[in-house]
Amino acid sequence: MSDATRTRIGALDIVATVSVVFALVFAIASPRIESQGEAARLLFVHVPTIWLAYLAFAVTFVASILYLATRRLRWDHVAGASAEIGVVFTTVAIIGGMVWGKATWNVYWTWDARLTLTAIMLFVYIGYLALRRVIAEPEARARRSAVLGIVGLVQLIPVHFSVTWWRTLHQTNTFRPRDIQMDGPILAALLVSVAAFTVVYAALLRHRVRLEGLELAAYAAAAAPVGPVAGDAVSAPNIGNSGAQP
Amino acid sequence: MIRRYWKFLVPAVLAVGLLIVLLINLSSNLVYFQTPTELLTEIEPSENRLRLGGQVVAGTVVENGETLLLTVTDGRESAAVVHAGVIPQLFAEGQGVIVEGTWDGSTFHSDSMLIRHDEQYRTGDDVVYDSVEHQLDDS
């Protein structure tokens, strides 16, 4: 492995790790959530992870538009990397939600509007990642996945407002304009956690975009002949013309 | 260049349109539970399973051997429930519950109970916090 391809731990990675530890301390130190008990501390993982999913898919959306506008592959790399992180954190949000659901609702999974739409969102973005693996040619891949990256974001609206639009098992939004149904100390711990997870997102995105750049370089190296091709030194036999040789 | 997008844009717009139509049509199925008011005014007694959601009325919970008798309300109407099954840990008077079972016209026979907690996250330390809403109003 050459020096240029080696992953280096940067300042951002250290800040991300420290802030997650910090957020954990806040989550443990936060007052008990009166109506639900200790299991409700999953709030400090559940909300930041789904926030990251929203953020990641929004970044994919913006980067996809920027790719189509500028045709710079760097934007395609940002879009792909961000969607990958979004899929990971949607999965974490669903798994965390299932554990929390069992503890409070008494069920891991049920087909209410919020849960169903979130699962659909996860599968659409898994499809987006699959699409990126189907097409090898970088320009075609970037163009086609950008379309899905833009259209895919529409889902976030029904996912987020499902609890308001339809009757669900999942409780309605705690954060409403000018009306937050959460006491100060819990809110403070939650905001610390959201901030910490956002730094983690930035750190992961940085590494993943860099890897995409390396993948592109590797693709270009494989596609273009760099040195002399084996057999180049052998000249074709001059059949049928041997008599003319001096 | 715009023309090359059509082959992607047209299916994409059609897909989004289809999704919106589906969501509008599915709206009735997206209702996870019925309220006591709907149960008493709209729903015919039958063997079909359905979900009923509401708050447990204080003072109505009676343990009766293997079953639990309770009344749930949506603030307007109340429905009597006979529950035979697991009782979730957070079950309490005043708590939101969703029971699943059948409606015979006078009693809801449930064998499955879920807790539907609210969206409020309050500390239990009896400190009255100035609500965020209030702070926003002042500014």
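1. B:L9 comes out as partly exposed, at 43% relative accessibility. Here buried means under 20% relative accessible area, exposed means over 50%, and partly exposed is what falls in between (1.4 Å probe, protein chains only). B:L9 sits in helix α1 of chain B, residues 2-26. Helices and strands are DSSP runs numbered from the N terminus, with H or I over at least four residues for a helix and E over at least two for a strand. B:L9 is also part of a nonpolar surface patch with B:W6, B:V10, B:V13 and B:L14, which together have about 510 Å² of accessible area. Patch members need over 30% relative accessible area and no salt bridge; nonpolar side chains (Val, Leu, Ile, Met, Phe, Trp, Tyr) are joined within 5 Å, like charges within 9 Å. The areas come from the Shrake-Rupley method with a 1.4 Å probe, and for residues only the protein chains shown count as cover.

2. Before going on, a word on the ground rules. This is a predicted model, so local features need pLDDT of at least 70 and side-chain atom pairs count only at pLDDT 80 or more, while totals for chains, interfaces and linings use all residues. Residues are numbered from 1 along each chain as its sequence is written, chains are lettered from A and ligands numbered from 1 in the order in which they are written, and side-chain values use heavy atoms, with hydrogens and water left out.

3. On the overall make-up: chain A has seven helices and two strands, running α-α-α-α-α-α-β-β-α along the sequence. Of its 246 residues, 44% count as buried. Chain B has three helices and six strands, in the order α-α-β-β-β-β-β-β-α from the N terminus. Of the 139 residues of chain B, 33% count as buried.

4. Now the largest pocket, which holds about 760 Å³ of space. Its lining counts 33 residues, and A:H46, A:V47, A:I50, A:R114 and A:H170 are the closest to its centre. A pocket, for this purpose, is an open set of points on a 1 Å grid over the protein atoms alone where a 1.4 Å probe fits, with protein on both sides within 12 Å along at least five of seven lines; lining residues have an atom within 4 Å of a point. Grid points are joined across faces, edges and corners, and the volume is the space filled by probe spheres set on the points.

5. Which helices supply that lining? In chain A, α2 (43-70), α3 (73-104), α4 (113-134), α6 (156-165) and α7 (184-223) each give at least two residues. The largest share, seven residues, comes from α3(A). By class, the lining has 20 nonpolar, 12 polar and one charged residues. Nonpolar covers Ala, Val, Leu, Ile, Met, Phe, Trp, Tyr, Cys and Pro, charged covers Asp, Glu, Lys and Arg, and the others, Gly among them, are polar.

6. Salt bridges: a search of the whole structure finds 16 over all chains, each being a side-chain nitrogen of Lys or Arg within 4 Å of a carboxyl oxygen of Asp or Glu. One of them pairs A:D13 with A:R206, with the closest N and O atoms 3.7 Å apart. A:D13 is in helix α1 (residues 11-29) of chain A and A:R206 in helix α7 of chain A, so this pair ties together parts 193 residues apart in sequence. A:D13 counts as buried at 12% relative accessibility, whereas A:R206 is partly exposed at 40%.

7. Over in chain B, B:D111 and B:R49 form a salt bridge with their closest N and O atoms 3.0 Å apart. The pair links distant parts of the chain, 62 residues apart: B:D111 is in strand β6 (residues 107-115) and B:R49 in strand β1 (residues 46-56). B:D111 is partly exposed at 40% relative accessible area, and B:R49 is partly exposed at 47%. Elsewhere, A:E84, A:R133, A:R141, A:R208, A:E212 and A:E215 are joined into one network by salt bridges that share partners.

8. Last, two backbone spots in chain A to look at. A:R71 is not a glycine, yet has a positive phi of about 60°; A:R71 lies in the loop between α2 and α3 of chain A. A:N106, also not a glycine, has a positive phi of about 80° and is found in the loop between α3 and α4 of chain A. Most residues other than glycine have a negative phi.
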